[in-house]
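Biologist: I should like to learn how the features of a structural model are read. May we take them one at a time, beginning with a single residue?

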Amino acid sequence: AWAFSKLLVVHYPLSEAISSMATTKMSQASPQDLSNLAWALASIGKFDQPMMAGISARALALIKEFVPQNLSNTIWSFATLALRDEPLLEVISSAAITQMKQFSPQDI
């Protein structure tokens with residue numbers, strides 16, 4: 001998903017297959033996996049509600065493991081897709097405050 005989004009290519013059959021597979025493996029996703037997947041979907045403008053809900057649920061469970069880049073990329077992705085997820089916004093905001101000293105200029 002990341003490579004296709006980097007090229008701004010939307011291949012719908014592949015996109016659907018990735019969504020289906022990623023949804024079944026969401027419980028194994030790391031913070032980087034989650035932020036990369038969210039970023040890839042947002043970059044191509046693909047609003048996949050079940051996928052984003054899965055990303056949110058897993059992120060809520062793993063938020064203490066997120067590094068600044070994971071936080072930034074995840075919240076950027078939700079904002080880009082105009083998806084307002086209050087619980088996710090709250091935990092990312094809290095985690096960002098806690099980790100603020102670790103943020104690079106790019107993370108801010």
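Modeller: Let us begin with F47, which lies in the loop between α3 and α4. Please bear in mind that the model is predicted.

Biologist: Is F47 buried, partly exposed or exposed?

Modeller: The class follows from relative accessibility, with partly exposed lying between under 20% and over 50%. F47 has 44% relative accessibility and therefore counts as partly exposed.

Biologist: Which residues does F47 touch, leaving aside those up to four places away in sequence?

Modeller: With that exclusion, F47 touches L81 and L83. A related pair is F47 and F78, whose C-alpha atoms are 9.5 Å apart in space while the residues are 31 apart in sequence.

Biologist: Where is A82 found, and what is its phi?

Modeller: A82 is found in the loop between α5 and α6. Its phi is positive, at about 55°, although A82 is not a glycine. A82 has a relative accessible area of 70%, so it is exposed.

Biologist: Turning to the whole chain, how many helices and strands are there?

Modeller: The protein chain has six helices and zero strands. Of its 108 residues, 40% count as buried. Among contacts between residues at least 6 apart in sequence, 75% join residues at least 24 apart.

Biologist: How is the packing of two helices described?

Modeller: Two packed helices are described by the angle between their axes and the distance between those axes. In this model, the axes of α3 and α4 come within 10 Å and cross at roughly 150°. Angles over 145 degrees count as roughly antiparallel, and α3 and α4 are therefore roughly antiparallel to each other. The crossing in which α3 passes α4 is left-handed.

Biologist: Which residues meet in the contact of α3 with α4?

Modeller: From α3 come P31, L34, L37, A38 and L41, and they meet M51, M52, I55, R58, A59 and L62 in α4. By class, the residues of this contact comprise 10 nonpolar, no polar and one charged.

Biologist: What can be said of L37 in particular?

Modeller: L37 is found in helix α3. Its relative accessibility is 14%, so L37 counts as buried. L37 and M51 are 14 residues apart in sequence and 9.1 Å apart in space, C-alpha to C-alpha.

Biologist: How do the axes of α3 and α5 cross?

Modeller: These axes come within 8 Å and cross at roughly 30°. That angle makes α3 roughly parallel to α5. Here too the crossing has a hand: α3 passes α5 in a left-handed crossing. On the α3 side the contact is made by P31, Q32, S35, A38, W39, A42 and S43, and on the α5 side by N70, N73, T74, W76, S77 and T80. The residues of this contact divide into five nonpolar, eight polar and no charged.

Biologist: Why does one look for a nonpolar core?

Modeller: In soluble globular proteins, nonpolar side chains tend to be buried together. The largest nonpolar core in this model has 23 residues, of which M26, L34, M52, I55, F66 and L71 touch the most other members. At least two residues of this core are supplied by each of α3 (31–43), α4 (49–62), α5 (68–80) and α6 (86–99).

Biologist: What does F66 touch, if residues up to four places away in sequence are not counted?

Modeller: F66 then touches P31, L34, A59, L71, T74 and Q99. Among these, L34 and L71 are, with F66, in the group that touches the most other core members.

Notes. Residues numbered from 1 in each chain as written. Predicted model: local features only at pLDDT ≥ 70, side-chain atom pairs only at ≥ 80, totals over all residues. Heavy atoms only, no water. Core = buried A, V, L, I, M, F, W, Y, C linked by side-chain atoms within 4.5 Å. Buried < 20%, exposed > 50% of the residue type's maximum accessible area, 1.4 Å probe, protein only. Helix = DSSP H or I, 4+ residues; strand = E, 2+ residues; numbered from the N terminus. Contact = heavy atoms within 4.5 Å. Axes fitted to C-alpha atoms, helices over the stretch in contact; angles between N-to-C directions. Parallel < 35°, antiparallel > 145°, perpendicular 65-115°, else oblique. Left-handed = near helix turned anticlockwise from the far one by under 90°. Nonpolar A, V, L, I, M, F, W, Y, C, P; charged D, E, K, R; others polar.
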